[in-house]
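Open the model in your viewer and keep the selection tool ready. The tour goes from a metal site to a run of strands.

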Amino acid sequence: MLIVMRDHASPEQIQHIVDHLHLAGAETHLSQGEVKTVIGVVGERELVYSLEMEGFPGVSEVIRVLKPYKLAGRDFQAEDTVVRVGDAQIGGGTFGVIAGPCSVESREQMMSVAASVKAAGASMLRGGAYKPRSSPYAFQGMGLDGLKLLREAGDSAGLPVVTEVLDVRDAETVAEWADVLQVGARNMQNFMMLEELGTMRKPVLLKRGLSATIEEVLSSAEYVLKGGNRDVILCERGIRTFETYTRNTLDLAAVAAFKILTHLPVIVDPSHATGRRDLIAPMCRAAIPAGADGLIVEVHPDPEHARCDGPQSLDLDAFAELASTLGPRVALEGKHL
Ligand code: PEP
Ligand code: MN
């Protein structure tokens, strides 16, 4: 349920309602714009529906939200959420470019990729330390050593770092070393993990599940928001279809739909979406007019010898060339790098 307050409702009126809702056993989340405050009320459906808030002083409108997500919706917060990570920003007009290898493999690899993508204009560095692999015999990532190398490379280049939390048991450790916590496609509906990340104070990069609907993605984001963590970035990384030429099918319509439905920033991962190096640049460019707030691209100094996802990784020069073409396209959408 959303309680839309009258313009310039007083802090006392807002507090009175919040106190009343807490006493009744509901949770509240405030969205405070310049003139308008919206109180998001969440809790068990029966309880929330039984609350009659229409007559309270300062209330303009009470909206009973039928969608399974509420805090993620534009009704709750009309303005775009801007996620800030150190000096980097994603959303609200800033287009963020995250680049780096699929997995952290060595110090040399990370230092060279970090310096190179930074020089090319990337705003964050990626690198997996815990890898979700379809085969248990494939390289599983370097774990804690990988996190440390990622941190070192990010610090030396002056880039915040993004990495995946594969298991809720590693969440604290990953949060200690990384700036943004990635939830992989295979974990998008790991609700216990989403709840845990909701209690943390680090931004979450939530990837779309392999066969998740738009509503399911937003419902997963809701788990994190409900825990009090407002910094969620959505990532379209392709979905499973009948097509086999590409690894997945990049759903750019979902990007445009997300921009209508939610205030959360949305980025596109053309690497996992296509699985093909030759499609990365065109899909990066296509993501911009679709409404994306950023990109996450796999980049490796020597893709042929990458331990994971080499065929979909750009080398350093190809990434630099791609990055140099983004600025004017982003500017056409009224955004900047
Ligand atoms: C990744 O980013 O390296 C990754 C494993 O992505 P996804 O979870 O989207 O498959
Ligand atoms: Mn990968």
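Which residues are the protein donors of the manganese ion (ligand 2)? Select Cys102 (SG), His272 (NE2), Glu298 (OE) and Asp309 (OD), which lie 2.0 to 2.4 Å from the ion. Donors here are N, O and S atoms within 2.8 Å of the metal (3.2 Å for Na, K and Ca); water is not among the atoms, so sites may look incomplete.

This is a predicted model: local features need pLDDT of at least 70, side-chain atom pairs count only at pLDDT 80 or more, and totals for chains, interfaces and linings use all residues. Residues are numbered from 1 along each chain as its sequence is written, chains are lettered from A and ligands numbered from 1 in the order in which they are written, and side-chain values use heavy atoms, with hydrogens and water left out.

Along the sequence, the donor spacing reads C-x169-H-x25-E-x10-D. Now select His272 and Asp309. His272 sits in helix H9 (residues 270-274), and Asp309 in the loop between strand S14 (294-298) and helix H11 (316-332), 37 residues apart. Helices (H or I, at least four residues) and strands (E, at least two) are DSSP runs, numbered from the N terminus. Both His272 and Asp309 are buried, meaning under 20% relative accessible area (1.4 Å probe, protein chains only).

Next, strand S11 (residues 204-207). Val204 and Leu206 point one way, Leu205 and Lys207 the other, and all are buried. In a regular strand the side chains alternate between the two faces of the sheet.

Add strand S10 (residues 180-183): 3 bridges join S10 to S11, and the two run parallel. Finish with strand S12 (residues 232-236), parallel to S11 and joined to it by 4 bridges. Strands pair if DSSP finds at least two bridges between them.

Definitions and conventions: Buried < 20%, exposed > 50% of the residue type's maximum accessible area, 1.4 Å probe, protein only.
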